[in-house]
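Hi,

Here is the structure I promised to pass along. Please have it open while you read, and my notes on it come right after.

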Amino acid sequence: MSQVYDRVALIGLGLIASSMYWAIRRAGLAGEVTGYARSEATRETARRIGLCDRVCDSAAEAAEGADLVVLCVPVGAMGAVAKEIAPVLKPGATVSDVGSVKRHVIEAVAPHVPEGVHFVPAHPLAGTEHSGPESGFAQLFDNRWCLLVPVEGTPPEPVAQLRALWEGMGANVDAMDADHHDLVLAVTSHAPHLIAYTMVGVADDLRRVTDSEVIKYSAAGFRDFTRIAASDPTMWRDVFLTNKDATLEILGRFTEELFALQRAIRTGDGEHLFDYFTHTRAIRRGIIEAGQDTDAPDFGRAKVVKA
Ligand code: NAP
């Protein structure tokens, strides 16, 4: 793979930025990568583990002279960071981001992007429940989707160049309109996270009644909820505050379906339950056939064999 940009700046050095750095290095996609994180502690960690070729003490210093600046901070912080770097952006540079919500990020960032600088929002559909500079790894984006959400009037070249970077990092790339993106993500990611947070909260309430049984017997479905519900609180607070309409729309539909299932249970309507579960099982099969998850039982977790 050949170099796509001379200089890339990563603002925010958490899971996504650190994975980007290792993936860029793996394929030699950039000449130099600079990085900046808000806290001294994160910058120190980054220097210690060799995350970025140069770790800077301000966002502006990292962004100055870069051909691509990627905002990798929580969605609610994007606007302030964009404002801070705006004066140093070089003409012809591209600003991008990795935020999980797109309409809000466009509204917060676009007003700060100077004439002659391109803005190409993006969202890699890849992550784990871990965060911080030490949580990243080069393979995170392999065979995952990255959605580009170009704003109106953007010429094709900067979009194609960013696409080449994401493909070089292992991702499959698609383009999408911001509102459509936010609705699709509300279904596939945002509402499921809220449901997982709720389920874990309910179980925690119950724990007070049943003592430690909830933890002890959590091997079944509940364990997977706890993994999702361990995701970063700042990131997810911002997602729900900024993708309000789409999330509420999906939660409304979810509640209706839940009531229908609740009614089927109450009235003993086994046919309804069976048909519903048959349909959802087929959806899981579709995800596996699309190469987006493993067919191995229990997500391929190794069996713990006791001596
Ligand atoms: P993360 O691991 O928590 O890292 C966030 C980084 O942003 C840290 O370096 C943090 O600095 C910095 N930061 C936090 N608040 C800031 C502020 N107010 N101003 C400046 N910098 C700030 O987060 P992440 O998981 O990489 O997520 C980053 C972005 O990617 C988010 O917008 C998220 O929506 C999106 N995303 C996440 C996932 C996922 O699964 N995690 C997937 C796709 C997209 P300190 O360490 O110094 O606090």
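Below is what I found, going from the sheet to the aromatic rings, the cysteines and a few single residues.

A word of caution before the details: this is a predicted model, with no experiment behind the values here.

**The sheet and its helix**

Let me begin with an open sheet of three strands. Its strands come in the order β7-β8-β9, and the pairing is mixed. If you want to find them in the viewer, β7 covers 122–124 and β8 covers 145–148, while β9 covers 172–175. The edge positions belong to β7 and β9; each has a single partner strand, so one side of each has no neighbour in the sheet. On average, neighbouring strands here are turned by 20 degrees against each other, if direction is ignored.

The mixed pairing is easy to follow strand by strand. Between β7 and β8 the pairing is antiparallel, over three bridges. Two residues of β7 make good landmarks: Ala122 has Leu148 in β8 as its bridge partner, and Pro124 has Cys146 in β8. On the other side, β8 and β9 run parallel and are joined by four bridges. There you can look for Trp145, which stands opposite Asn172 in β9.

How does the chain get from β8 to β9? It passes through α6, and this β-α-β crossover is right-handed. Helix α6 itself spans residues 156–168 and packs on the sheet, where it touches β7, β8 and β9. The direction of α6 makes about 165 degrees with that of β8.

**Aromatic pairs**

The structure holds three aromatic pairs, and I will describe two of them. One is formed by Tyr21 and Trp22, with 5.0 Å from centre to centre and 70 degrees between the planes, an edge-to-face arrangement. The two partners have their own surroundings: Tyr21 is buried at a relative accessible area of 4%, whereas Trp22 is partly exposed at 26%.

Another pair brings us back to helix α6. The ring centres of Phe141 and Trp166 are 5.0 Å apart and the planes meet at 90 degrees, so this pair is edge-to-face. It links distant parts of the chain: Phe141 sits in the loop between β7 and β8, Trp166 sits in helix α6, and 25 residues separate them. Phe141 is buried at 1% relative accessibility, and Trp166 is buried at 1% as well.

**Cysteines**

Which disulfides should you expect to see in the model? There are zero disulfides in the structure. For Cys52, the nearest cysteine sulfur is that of Cys56, 8.5 Å away. A disulfide needs the two sulfur atoms within 2.5 Å, so Cys52 is in no disulfide. Cys72 is in no disulfide either; the nearest cysteine sulfur, that of Cys52, is 9.2 Å away. As for accessibility, Cys52 counts as buried at 7%, and Cys72 is buried too, with a relative accessible area of 13%.

**Two backbone angles worth a look**

Most residues other than glycine have a negative phi. With that in mind, here are two places to check. Cys52 turns up again: its phi is near 85 degrees, a positive value in a residue other than glycine. Cys52 lies in the loop between α2 (40–49) and β3 (54–55).

The second is Asn143, which is not a glycine but has a positive phi of about 60 degrees. Asn143 is found in the loop between β7 and β8, the loop that also holds Phe141. Is Asn143 buried or partly exposed? At 38% relative accessibility, Asn143 counts as partly exposed.

**One more residue**

Finally, a short note on Arg223, which lies in helix α9 (residues 221–228). Arg223 is partly exposed, with a relative accessible area of 28%. The C-alpha atom of Arg223 is separated by 9.2 Å from that of Val200, and the two residues are 23 apart along the chain.

That is everything from my side for now. Happy to go through any of it together.

Best wishes

Technical notes. Residues are numbered from 1 along each chain as its sequence is written. This is a predicted model: local features need pLDDT of at least 70, side-chain atom pairs count only at pLDDT 80 or more; totals for chains, interfaces and linings use all residues. Side-chain values use heavy atoms; hydrogens and water are left out. Buried means under 20% relative accessible area, exposed over 50%, partly exposed in between (1.4 Å probe, protein chains only). Two strands pair if DSSP finds at least two bridges between them. Axes are lines fitted to C-alpha atoms, for helices over the stretch in contact, and angles run from 0 to 180 degrees between N-to-C directions. Contact means heavy atoms within 4.5 Å. Rings of Phe, Tyr and Trp (its six-membered ring) pair if their centres lie within 6.5 Å; planes under 30 degrees apart count as stacked, over 60 as edge-to-face and the rest as tilted. A crossover is right-handed if, with the strands pointing away from the viewer, the path from the first strand over the helix to the second runs clockwise.
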